[in-house]
Amino acid sequence: MKSVVHAVDERLRIHVAQKQWPLLDFRIAKKNQPQVYCGQAVTLNVEVENIGKELVNGFCMATDGLDCISVSLLDVNGKKLTVTVRAPASPDLESDIGLVFYYRGENLTYRQWQTVVSLCPVPLFQASAVLLDEVHGIAAINMRNVMPANDAALARCEVSRIRLVCQNVNEKGFWSEVDATNVSIQPMKVGQVQLDCEQSCNVCLRISVPTKAKPEEQDAHGVSWCLSPTPAEPPSWPAALPTALKTTDESQNALDNYYQLAILWRASVVNNDGHVSSIVGETFIDEPLTAAKLRFPRTDMWSSREGYSLHDDHFQNAVPDDASLNIICRPIRPIRHNFELNRLCQIPLEVLVTNVDDRKRSADLTLKYRPKVSEAVTSLTQLPPENRQQWWVDREVVRSVVKHGESHVFRFVISVCQPSVYDVAGSQLVLEATFDNAEVKTFKQLLAAEKRAAEKINEARKRKFQRMKQAKQEAQAEVEKYRQEREREFKQYEQTYLGTKEDTESKIRRDTENEIEAMKRNVAANKQQVIVRLLQLVCDIRPELHHNLILQKKLHGQFS
């Protein structure tokens, strides 16, 4: 075998420490799982043994999987740990989660031991949520067992719990889970959910903010709904990070709460060899109401804090406690329009108003449109070039009578003449309500929450453009810096191996002069001989017969 040649011999070089270093031995059981499913709880048993002579008085663990790992102690002395890892929710990419164990000795010397947990999950349980009724907060959760029947002899999933998780950015700028006990999850129908291979099931529930409850009803429902007995020790891992953080979506404001539905499930998988695997997992999906930029509706079922809304700090002034109307502006679908072909673009707008008056009175509603300019326009020909109105509606005044518990949808068509950002939920739409010919309540700020959401989106777009511009400038600066660096290296290389331009010109000049001097010396040395030779050829003339005549004479003996 050919020996390895090193540039420097390091075999006899050692470093001697003055203090003894601690040394722990780590053994991880069930690190490599034979089959891992999406969202599954993978349990790692870590045994720690002190094989050194130094006493360890400090121990901690760090990981890059902040939203999918929980750690618990099995031994009071800290010799056994249980690390629970939640497998990735997507089966597309393999996930590598790093674990770093850091420990410190009594003499302040420290060591670290690190490992990587590789998980390549396959889909088993999937869920999605669809909003059915935004007024009453009714949503449907579709749960599916996606395991093909030919891949396993039996794969049965059972849903144990559905809970609501709320996250927000703390003072340090990190996402953390906050209290969401003031939001109620009420099932429309109570029953167990068991799914075999390739089966699905829809579960309807109501998500709302309860108000005016009786004290004995406060614990009737909460932020979690148990469909079956939960495991003895359900995973205590943190909630999944918001999707907006992973996709760098700037529309999610740091001050808003981020809500998710966490579905805890158990599964029994029997493969074709008869091996039975009992696993536990949890799947996180976006809460449908907040995902559609809507508020939680209010109910009189129960309450633990009166007057709570989705975002207390933002909507407390917009939605008073004695509000008799629930106003929702339905999201506008994206519209593609070419202003070069058609100058006028029409956008449909729907405003849903629900009568939730405590005194159960009927409401006479009048929705008015107030233009910003003194002279309103109703067609494109009336648009003056110097004073353009940004947008207008097809109907300026709409009336309707809504009884208690009923809803009415006001439908408008907004017309715009140029691409821009329009404040369609601002002070131009005013709603007046008369309750049984009583007092008139004027809502000057119609759908203030939706208006603030639009402002936040606009601010996010501006920040996005500014960051894109800043990134472009930084990229140009980096390119220019790299170009200057490469040019400097090239000039240095050229100067080292080829020299400068002046050195090359002087070298050519010297070579030319040397060649001219050599030619002059050669001419001076052979000049006299050439002259003598020329004089001999000119002056010393010897008449001779042509060699052809000489040859003829030899052949024929005479001249012709």
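Helices (H or I, at least four residues) and strands (E, at least two) are DSSP runs, numbered from the N terminus. The model is predicted: local features need pLDDT of at least 70, side-chain atom pairs count only at pLDDT 80 or more, and totals for chains, interfaces and linings use all residues. Residues are numbered from 1 along each chain as its sequence is written, and side-chain values use heavy atoms, with hydrogens and water left out.

**Exercise 1.** Determine what span helix α5 reaches and where α5 bends.

*Solution.* Step 1: α5 covers residues 501-539, which is 39 residues. Step 2: the expected span is 1.5 Å times one less than the number of residues, giving 57 Å for α5. Step 3: from first C-alpha to last, α5 reaches 56 Å, close to that expectation. Step 4: a bend of about 45° is located at N526; the bend is the angle between axes fitted to the seven residues ending there and the seven starting there.

**Exercise 2.** Establish the strand order of the open sheet that contains β22, and its edges.

*Solution.* Step 1: two strands pair if DSSP finds at least two bridges between them. Step 2: the 4 strands run in the order β19-β20-β24-β22, with antiparallel pairing. Step 3: β19 (325-329) and β22 (391-393) each pair on one side only, making them the edge strands. Step 4: β22 joins β24 (residues 407-416) through 3 bridges, and V393 has I414 in β24 as its bridge partner.

**Exercise 3.** State what share of the chain is buried.

*Solution.* Taking buried as under 20% relative accessible area (1.4 Å probe, protein chains only), the share is 34% of the 560 residues.

Key:
Buried < 20%, exposed > 50% of the residue type's maximum accessible area, 1.4 Å probe, protein only.
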